[in-house]
Amino acid sequence: MKNRTLLGEACIPGGDRVLKLYQSKDDCTIVISGRGELMSTRRHASEDALGTLACDLLAQNENAHILIGGLGMGFTLAAALAATGVGSSVVVAELVPEVVEWNKGPLGDYSGQPLQDARTTIYAGDVSELLQKSVPSYDVIALDVDNGPEALSSGGNDWLYSVEGITCARESLKTGGVLAYWSATPDARFAKRLRECGLQVTEKSVFAHGSKGTKHTIWLATVS
Ligand SMILES: C[S@@+](CC[C@H](N)C(=O)[O-])C[C@H]1O[C@@H](n2cnc3c(N)ncnc32)[C@H](O)[C@@H]1O
């Protein structure tokens with residue numbers, strides 16, 4: 001194991017898993033107990049793509065209202081801010097309060113401190129709570145709260161990938177809105193479920209870093 005310093009530890013609410021933030025010479029990693037690396041500042045191209053691809057699909061994204069589920073290391077947030085205009089606003093729901101604090105510190109430097117952007121608001125809690133309102137509020141909803149449809153970090157996240165969760169997310173979109181999901185792996189059953197919920201779906205396979213190696217999956221769904 002290379003030299004690294006433990007910068008912080010946090011319990012994930014509602015479960016028994018623990019997140020640990022480490023810093024080494026060139027990067028930071030967030031590790032989840034019993035599973036290994038959840039994220040690294042070395043590889044974030046697919047997290048960037050989640051924010052960029054979803055915002056680029058909007059017919060007009062100068063004044064977009066965006067919801068991001070899962071702050072993590074802030075890369076999706078930074079990409080969404082870069083892809084939208086000065087009149088836009090982004091709500092980021094983050095379940096683990098310490099993750100927000102980590103991003104206000106040295107971790108935030110890796111993504112360009114997007115929490116300091118005046119367009120950003122943090123919702124300290126579960127993104128499901130916002131989606132359950134089912135009020136058409138958002139032009140983009142971008143969800144990266146877990147490893148994918150098979151929830152890893154919090155069992156409660158299964159709901160977000162269920163018919164009920166997808167339906168609430170769909171109902172939370174404004175006309176012409178985009179619902180985007182990130183996943184570590186493809187999942188044909190989940191893509192089928194999105195279509196069965198009345199969504200038109202494009203599946204993108206995106207390199208985690210550079211132009212070779214591991215690829216991640218992004219689903220971009222719009223109301224058909
Ligand atoms: C893989 S990371 C997100 C990475 C992020 N896309 C980025 O660019 O760095 C997942 C994040 O979602 C948070 N999370 C997990 N479940 C959540 C939920 N139900 N609501 C809000 N945040 C959640 C985790 O604490 C973690 O910070």
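This is a short walk through one predicted model, from its strands to its rings and its largest pocket.

Some ground rules. Residues are numbered from 1 along each chain as its sequence is written, and side-chain values use heavy atoms, with hydrogens and water left out. Because the model is predicted, local features need pLDDT of at least 70 and side-chain atom pairs count only at pLDDT 80 or more, while totals for chains, interfaces and linings use all residues.

Let's start with the strands. Helices and strands here are DSSP runs, numbered from the N terminus: helices are H or I with at least four residues, strands are E with at least two. Two strands pair if DSSP finds at least two bridges between them.

Look at β3. β2, residues 18-23, runs antiparallel to β3, and five bridges join them. A hairpin of four residues connects β2 to β3. Across that pairing, K20 stands opposite V31. On to β4. β3 and β4 are antiparallel too, with four bridges. Here V31 stands opposite E37. The hairpin between β3 and β4 has three residues between the strands, and in it G34 takes a positive phi near 80°.

Is β3 enclosed or open? β3 is largely enclosed by the rest of the structure, because five of its five residues are buried. Buried means under 20% relative accessible area; exposed is over 50%, and partly exposed is in between, with a 1.4 Å probe and protein chains only. Both faces are covered. C28, I30 and I32 are buried on one side, T29 and V31 on the other.

Next, the pocket. The largest one has a volume of about 720 Å³. A word on how that is defined. The search runs on a 1 Å grid over the protein atoms alone; a pocket is an open set of points with protein on both sides within 12 Å along at least five of seven lines, whereas a cavity is a set where a 1.4 Å probe fits but cannot get out. Lining residues have an atom within 4 Å of a point. Grid points are joined across faces, edges and corners, and the volume is the space filled by probe spheres set on the points.

Which residues are closest to the centre of the largest pocket? L38, M39, D144, V145 and D146, out of 39 that line it. Four elements give two or more residues to that lining: β3 (28-32), β4 (36-40), α2 (75-83) and β6 (89-94). β4 gives the most, with four residues. By type, the lining divides into 19 nonpolar, 12 polar and eight charged. Nonpolar is Ala, Val, Leu, Ile, Met, Phe, Trp, Tyr, Cys and Pro; charged is Asp, Glu, Lys and Arg; the others, Gly among them, are polar.

Now the rings. The whole structure holds four aromatic pairs. Rings of Phe, Tyr and Trp (its six-membered ring) pair if their centres lie within 6.5 Å; planes under 30 degrees apart are stacked, over 60 edge-to-face, the rest tilted.

Take Y161 and F190. They are edge-to-face, 5.6 Å centre to centre, with 70° between the planes. This pair links distant parts of the chain, 29 residues apart: Y161 sits in the loop between β8 (138-143) and α6 (163-171), F190 in helix α7 (residues 188-196). Y161 is buried, at 1% relative accessible area. F190 is buried as well, at 0%. F190 also pairs with Y181, again edge-to-face, at 4.9 Å centre to centre and 80° between the planes. Y181 counts as buried, at 1%. Ring pairs link Y161, Y181, F190 and W219 into a cluster.

Two charges also sit over rings. The test is NZ of Lys or CZ of Arg within 6 Å of the ring centre and within 35 degrees of the ring normal. The charged end of R4 is over the ring of Y22, 3.6 Å from its centre. K215 lies over the face of F207, 4.7 Å from the ring centre.

Last, some backbone. Most residues other than glycine have a negative phi. Q113 has a positive one, near 50°. Q113 is in the loop between α4 (107-110) and β7 (120-124). Buried or exposed? Q113 counts as buried, at 14% relative accessibility. S134, not a glycine either, has a positive phi of about 50°. S134 lies in the loop between α5 (127-131) and β8. S134 is partly exposed, at 22%.
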